[in-house]
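These are my notebook entries on one protein model. I set down what I looked up, entry by entry.

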Amino acid sequence: MKTTILLVVCICLIISLSSLVHAQQYEVAPGRIEKVIEIIQGLENTQDAGFGGFTEQTINITNIQNGAIALNLRVSGAIEGNTLINETLLMIPGKSIRSVNLKFLSLNLSANNSGELIIDGETLTTIPITITARPKEQSKGSWLMLEIKEMQENVYTGRQYVFRLFTTSLNAETEFNATLIYTLKRSGAEELIEGQNMLSQEEDVLIKGANSLIRSIDIPKDLELGDYILEVTAEYFGEEAQTSTFLVVSVPLYKHKLFGKVPVWVIILILALILLGFIIFKIIKKHIEANKRFHVKVEYDKLPQPGDRSLTVGRIAETDKKAYFDMDSLTVHTIVAGSTGGGKSISAQVIIEECLLKNVAVAIFDPTAQWSGMLRKLEDKKMLEFYPIYGMKKSEARAFPGNVRAIESAREKINLLKYMKPGEIQIFTLNKLDPKDMDFFVANVVREIFSSNLQETRGLTKMLAFDEIHRILPKFGGSGSGFLQIERSCREFRKWGIGVMLISQVLSDFVGEIKANINTEVQMKTRDEGDLNRIKLKYGESYIQELIKSPVGTGMVQNNKFNNGIPYYIQFRPILHSVIRLTDEELAEYNKYNQIIDNLEYSLDQLEENKIDVFDLRLELKLSKDKVKSGNFNMVKIYLEGLTPRIDKAWQKLGKTPKQKELELIDEVVLREEMEKARKLKAEQDVAKKKIMADRGEEEKFTFKTEASPDVSLTLPDGTLVISLDGLISELIPMKAEKFQAAVNEKQNMIADWVKKAFKREDIEKELRPILEKDAFLKKMQELKEKVAKEAEGGDKKKEEAT
Ligand SMILES: Nc1ncnc2c1ncn2[C@@H]1O[C@H](COP(=O)(O)OP(=O)(O)OP(=O)(O)O)[C@@H](O)[C@H]1O
Ligand SMILES: [Mg+2]
C-alpha cells in the first residue's frame with residue numbers, strides 16, 4: 001500500500017509518565033506505544049475508577065523519508081472523550097523526529113476503556129490503547145491548575161491588595177465547583193493569629209476551562225508589617241490544587257514618620273501648601289507686573305543710599321522702597337521738566353524742602369509766587385491723605401523759615417548772599433517783571449554771585465532754583481541770551497558749593513551745555529513733542545509711553561551715577577508746606593515789613609557811620625527780622641513799635657535826619673557787559689578747545705554734533721534755538737509743516753543760510769537749498785549726516801594708518 005512512498009513511521013514509545021501532583025484518588029497507568037502498531041493493555045480495574053487523575057505519554061514519530069510528511073492524529077473508541085492530543089496536525093521534515101504529547105484522563109472510565117490512536121496522512125497507522133486506573137494514593141496528577149498574577153507592586157496596610165488568579169482546568173469539557181481559600185500569612189512566623197499576622201477568606205467558584213479572576217484582600221491598618229505569603233488553595237472532589245506568591249506588607253510612604261515624629265503626609269501637606277502659596281504669589285506678582293505702568297529695571301544697590309548727605313524724595317515708583325538723592329550731586333545742575341500740572345513745582349519743592357532740612361541756604365526765583373507757600377504749614381487735606389503711603393506722619397507737616405521779596409526791576413541789586421541763610425528759603429517773586437527782562441534778571445543774579453567773592457567749598461551749601469525758566473526761551477517771550485548766563489553759572493557755581501535747579505515746561509529748547517550737561521534730570525509727565533522725541537532718541541521708545549501715562553507726582557529720573565545711568569521713576573512724596581501760595585495781602589505785609597526793616601537797617605548803618613553805638617538796636621531789629629521769617633507779623637509790629645521811636649530818638653540826639661533807602665539798580669550797560677562777557681567766555685572756551693586739539697595734532701572734525709559759536713546760533717521763526725545740525729534734526733522731526741515753511745520757502749532758506757554761515761559748509765548748503773518740503777529736507781539731512789560721519793571716520797583711519 002502506497003509503496004512508492006518510502007515512509008516508515010517509527011514510533012518510539014517513551015514511557016515517561018510524569019508524576020501528577022494533585023490527583024488524590026487515582027492515577028492512570030502508563031500505556032506503552034511501540035513501533036507503528038502497538039500496545040493494548042488490559043484495563044486493570046482494581047478499584048472504583050473516580051475523577052481527578054490523568055497520565056500522559058510522549059510519542060516520538062520519526063520520518064525516515066527524505067521529503068517532509070503531514071500527519072493527522074486522533075483517537076477513537078471509549079477513550080475518545082478523555083484523551084487530549086497537544087498537536088493533531090503534524091508536519092515532519094525529512095529524516096526528522098517530532099514528539100506528540102497525549103494526556104489520558106480518568107474520566108468516564110468504564111469497563112471497556114480502550115480505543116486507538118489513529119495516525120493517517122501519507123500512511124495509516126493505528127495504535128490500540130487501553131487505560132488502567134490505579135488507587136488514588138499513587139495518583140500525582142490534577143485537573144486544576146492555579147496561578148497568581150500580581151497587579152500591584154506594593155501592599156499597604158489600610159488598603160486593598162488586588163491580584164489576578166488564573167484557574168485552568170485540564171478537562172475542557174466538564175464544569176465543576178471548587179472552593180477557593182485565600183490565605184495571607186506572615187512568612188516564618190511561629191504562631192499565626194488571624195487579623196494580626198494572618199488573613200483568610202474563601203469563596204465557591206464554578207470551574208470550566210481557563211478563567212481569570214480579579215480578587216482583592218482588605219489589608220487591615222494594624223496588620224504586622226513584613227514578609228507574607230499569599231496562598232490560594234482550590235478544593236474540588238476531594239482533590240486540592242494550590243499556588244502562592246511572596247509579598248511585603250508595608251505602610252504607605254505618606255504615613256511614614258520623619259524622625260519618628262512628624263508623619264510624611266503632614267510634611268507633604270505643608271510642602272504642597274507652600275508650593276500653592278508660591279504659585280499664587282507668582283501669579284499675583286505676574287498680574288501686578290502686567291498692570292505696572294513702569295517696566296524699567298532698577299538696580300537698588302546702584303541708587304543713592306540713605307545717609308547724612310541723602311535727601312529722601314519719595315519712593316521708587318510702584319514699590320515701597322524709599323528713593324533718595326545724593327544732595328552733593330545737585331551742585332552740578334538739575335532740571336525738572338514736564339507739562340503744566342504734571343507736578344514739576346511739587347517735586348522741585350520736595351527736593352528743596354529736603355535741602356532746607358539739611359541746612360542748605362535756598363533762594364528761589366518764582367514768577368508765580370507759588371513758592372511762598374513754603375512759609376506756611378500744610379493744611380490741605382488731600383495732600384495730607386498721601387502721607388501714610390510714604391510712612392509720613394501728619395505731625396511732620398511744617399512751615400519753613402524764610403522770607404519773600406518782590407523783585408521790582410530786573411536790574412535791581414539783589415544782595416542775594418545777604419538774604420541766603422542756612423536752612424532758610426528766600427523767595428524772590430518775579431511776577432512784576434516783563435518776560436523780555438528775564439534775561440537781564442538772570443544776568444543780574446549770576447553777576448551778583450560772581451561779584452560776591454565766595455570761598456571755594458566742597459559739597460552743597462547753597463541752592464538756587466529758577467521756576468518756570470522756560471519763560472526766558474524766545475518762544476515764551478524771552479530773548480534767548482539768558483541761557484549763556486545760566487550755562488556759565490552751571491559751569492562755575494559748583495566750586496562754591498552752589499547748586500542750580502531749573503524748572504521748565506520744556507527741556508528740548510534748552511541749548512548747548514545746559515542740555516548736554518544736565519546732571520540730574522527729573523522729567524515729569526509731558527506732552528511736549530520735542531521733549532518726547534528727545535527722550536525717545538536718548539533713552540528709547542518705551543519711556544515715551546510711560547511718560548505720557550505717568551501719574552501726577554511721578555517722574556523719570558536720570559543721573560549718570562544713579563542706576564548705571566538708566567532712567568528710572570520716582571513717586572515724589574507729598575510736601576510738608578502749604579500748597580496754597582500767600583495771598584496778595586500777605587505778600588504785601590512781607591513787602592511792607594521787609595521795607596521797614598531794610599530802612600531801619602540802613603538807618604542803623606548811617607548811625608554807625610556817625611559813631612553811634614547801635615549794638616542793642618541791631619539786636620532788637622534782628623528779633624523783628626526773625627519774626628518776619630516765621631510770619632508772625634503781630635510780633636514784628638510790637639518789636640518795631642518799640643524800636644522805631646528809639647532809632648528816631650538816636651537821630652534826634654544826633655540832630656540829623658537819615659537818608660531813605662532807595663532801590664539800587666545795576667546799570668543796564670553793566671548787565672549788557674555781563675552778558676557780553678558770558679558770550680565772549682564761551683567763544684574763548686571754544687577757541688581754547690580747538691587750540692588744544694590742534695596742539696595735540698587733532699583737527700576738530702566737523703560732524704552734525706559740532707556746535708556753532710553762540711553769536712551764530714539759529715533762532716527758528718517759532719523761537720526755537722538751534723546750535724548744531726544734530727539738534728536741528730531733532731527739532732525738525734516733530735515740527736509741523738507750516739512751521740517749517742516759515743523758515744524754508746521759495747523766498748528764503750534760513751537753514752541753508754545758517755549752515756553756510758555757521759559751519760562754512762557750502763557743500764551741505766547746496767544740497768539743502770533747493771529742498772522746500774519738510775520730509776524730503778529731513779531725509780536729505782539724515783543722508784548728509786551719515787556721509788559727514790563717514791568722512792570723519794575715514795580721516796581718523798587714514799591718520800591711524802599713517803602713524
Ligand atoms: N508728589 C505729589 N503728591 C501729591 N500731589 C501732587 C504731587 N505732585 C503734584 N501734585 C498735585 O498736582 C498739582 C500740580 O502740581 P504742580 O504745581 O507741581 O505742577 P506743575 O508741573 O508745576 O504745573 P505748572 O506748570 O502749572 O506750574 C499740585 O497742586 C498737587 O495737587
Ligand atoms: Mg509749577
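In which loop does V296 lie? I found V296 in the loop between α1 (264-291) and β21 (310-316). Helices here are DSSP runs of H or I with at least four residues and strands are E runs of at least two, numbered from the N terminus.

**Entry: the source.** I note that this is a predicted model, in which local features need pLDDT of at least 70, side-chain atom pairs count only at pLDDT 80 or more, and totals for chains, interfaces and linings use all residues. Residues are numbered from 1 along each chain as its sequence is written, chains are lettered from A and ligands numbered from 1 in the order in which they are written, and side-chain values use heavy atoms, with hydrogens and water left out.

**Entry: the whole protein.** I recorded 18 helices and 33 strands. Of the 803 residues, 47% are buried, a term for under 20% relative accessible area (exposed is over 50%, partly exposed in between; 1.4 Å probe, protein chains only). Among contacts with a separation of 6 or more, 71% join residues 24 or more positions apart; contact means heavy atoms within 4.5 Å.

**Entry: V296 and helix α9.** I returned to V296 and looked up its distance to S542: the two are 246 residues apart in sequence, yet 8.8 Å apart in space, C-alpha to C-alpha. Leaving aside neighbours within four places in sequence, V296 is in contact with Y543, E546, I566, P567, Y568 and Y569. Y543 and E546 also appear among the buried residues of helix α9 (residues 541-549), together with I544 and L547. What do the buried residues of α9 pack against? I listed β29 (520-524), α8 (529-539), β30 (554-558) and β31 (568-572).

**Entry: α8 with α9.** The axes of these two helices come within 7 Å and cross at roughly 140°. Axes are lines fitted to C-alpha atoms, for helices over the stretch in contact, and angles run from 0 to 180 degrees between N-to-C directions. That crossing makes α8 oblique to α9; angles under 35 degrees count as roughly parallel, over 145 as roughly antiparallel, 65 to 115 as roughly perpendicular and the rest as oblique. L532, N533, I535, K536 and Y539 of α8 meet E541, Y543, I544, L547 and I548 of α9. I counted these by class as seven nonpolar, one polar and two charged. Ala, Val, Leu, Ile, Met, Phe, Trp, Tyr, Cys and Pro count as nonpolar, Asp, Glu, Lys and Arg as charged, and the others, Gly among them, as polar.

**Entry: α5 with α13.** How do the axes of helix α5 (residues 438-450) and helix α13 (residues 668-695) cross? They come within 9 Å and cross at roughly 80°, so α5 and α13 are roughly perpendicular to each other. D439, F440, A443, N444 and R447 of α5 make the contact with E668, V670, L671, R672, E674 and M675 of α13. This contact has five nonpolar, one polar and five charged residues.

**Entry: α10 with α11.** For helix α10 (residues 584-609) and helix α11 (residues 615-629), I noted axes within 11 Å and a crossing at roughly 165°. The two are therefore roughly antiparallel to each other. Their contact divides into eight nonpolar, two polar and five charged residues.

**Entry: S724.** Is S724 buried or exposed? S724 is buried, with a relative accessible area of 9%, and is found in the loop between β33 (721-722) and α14 (725-732). Not counting residues up to four places away in sequence, S724 touches F704, K705, T706, E707, W754 and F759.
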